[in-house]
Amino acid sequence: MNLQKLFDMQRKLDEHIEREHPRKPDEDRLAKKILALQVELGELCQEWRGFKFWSHDQKPRRAVYEICEYCEGRKTLGFQRETCWYCCGEGLQIVKRPLLEEYVDGLHFYLSIGNELGIELGSSLTPSKVHDVLTLFALVNRYVTELWWCCHDGDDAAIAKYVFGFEHYLRLGEMLGFSWQEIEEAYLRKNAVNHQRQESGY
């Protein structure tokens, strides 16, 4: 896991955003980032769906499929009936991975907040050992809320709250079934999209 690479990439994105959207006088952008992270946590939870006890559909939204554009759902190509190389003979192709995308959106804000707080994690992270997704969502939400109040009140515990929350957030990604490689690749894709959005006047 190369977190420092992602912190550096996020710093460049934040600088790009600052150029396009300069801070207003007396703007508390850190508070806005923390609130944005809370929103992303809610959106991630919506895609996880495991809390929806009132629904028969509690499966996480891992992938959205469409009919393969190359074989048009036939699973094979041409007269020789060779397996479609694009969809691997499934007839469908993944067009979106909502759960992973929402996780990575939250990661962007976690990294941005860490940069703004001047946090140098190095090897100081202690992996969370929590094995329950619902508990992890609650813990991350708790620490993000406490972080907001620490930053608002000028409390020195802000860094500890950040680190505890981040450790649990990384564990949440693992418990949701993501490998670090998947997370990093999805982060790189979304980071590029976010730069493009700034260029296009988003």
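Where is the place of tyrosine 65? Tyrosine 65 sits in strand E1, as the first view shows. This is a predicted model, in which local features need pLDDT of at least 70 and side-chain atom pairs count only at pLDDT 80 or more, while totals for chains, interfaces and linings use all residues. Residues are numbered from 1 along each chain as its sequence is written, and side-chain values use heavy atoms, leaving out hydrogens and water.

**View 1. A nonpolar surface patch with Tyr65, Ile67, Leu92 and Ile94.** Together these residues have about 410 Å² of accessible area. Strand E1 (64–67) and strand E4 (92–96) are the elements that give two or more residues to the patch. Tyrosine 65 counts as partly exposed at 49% relative accessibility (buried is under 20%, exposed over 50%, partly exposed in between, with a 1.4 Å probe and protein chains only).

**View 2. Helix H3 (residues 98–117) meets helix H6 (residues 180–199).** Their axes come within 9 Å and cross at roughly 70 degrees, which makes H3 roughly perpendicular to H6 (65 to 115 degrees). Among the residues in contact (heavy atoms within 4.5 Å) are Tyr103 and Leu107 of H3 and Ile183 and Tyr187 of H6.

**View 3. A salt bridge between lysine 190 and aspartate 105.** The closest N and O atoms are 2.6 Å apart (a salt bridge needs a side-chain nitrogen of Lys or Arg within 4 Å of a carboxyl oxygen of Asp or Glu). Lysine 190 belongs to helix H6 and aspartate 105 to helix H3, so the pair ties together parts 85 residues apart in sequence. Both lysine 190 and aspartate 105 are buried.

Methods:
Patches are made of residues with over 30% relative accessible area and no salt bridge: like charges are joined within 9 Å, nonpolar side chains (Val, Leu, Ile, Met, Phe, Trp, Tyr) within 5 Å. Accessible areas come from the Shrake-Rupley method with a 1.4 Å probe; for residues, only the protein chains shown count as cover. Helices (H or I, at least four residues) and strands (E, at least two) are DSSP runs, numbered from the N terminus. Axes are lines fitted to C-alpha atoms, for helices over the stretch in contact, and angles run from 0 to 180 degrees between N-to-C directions. Angles under 35 degrees count as roughly parallel, over 145 as roughly antiparallel, 65 to 115 as roughly perpendicular and the rest as oblique.
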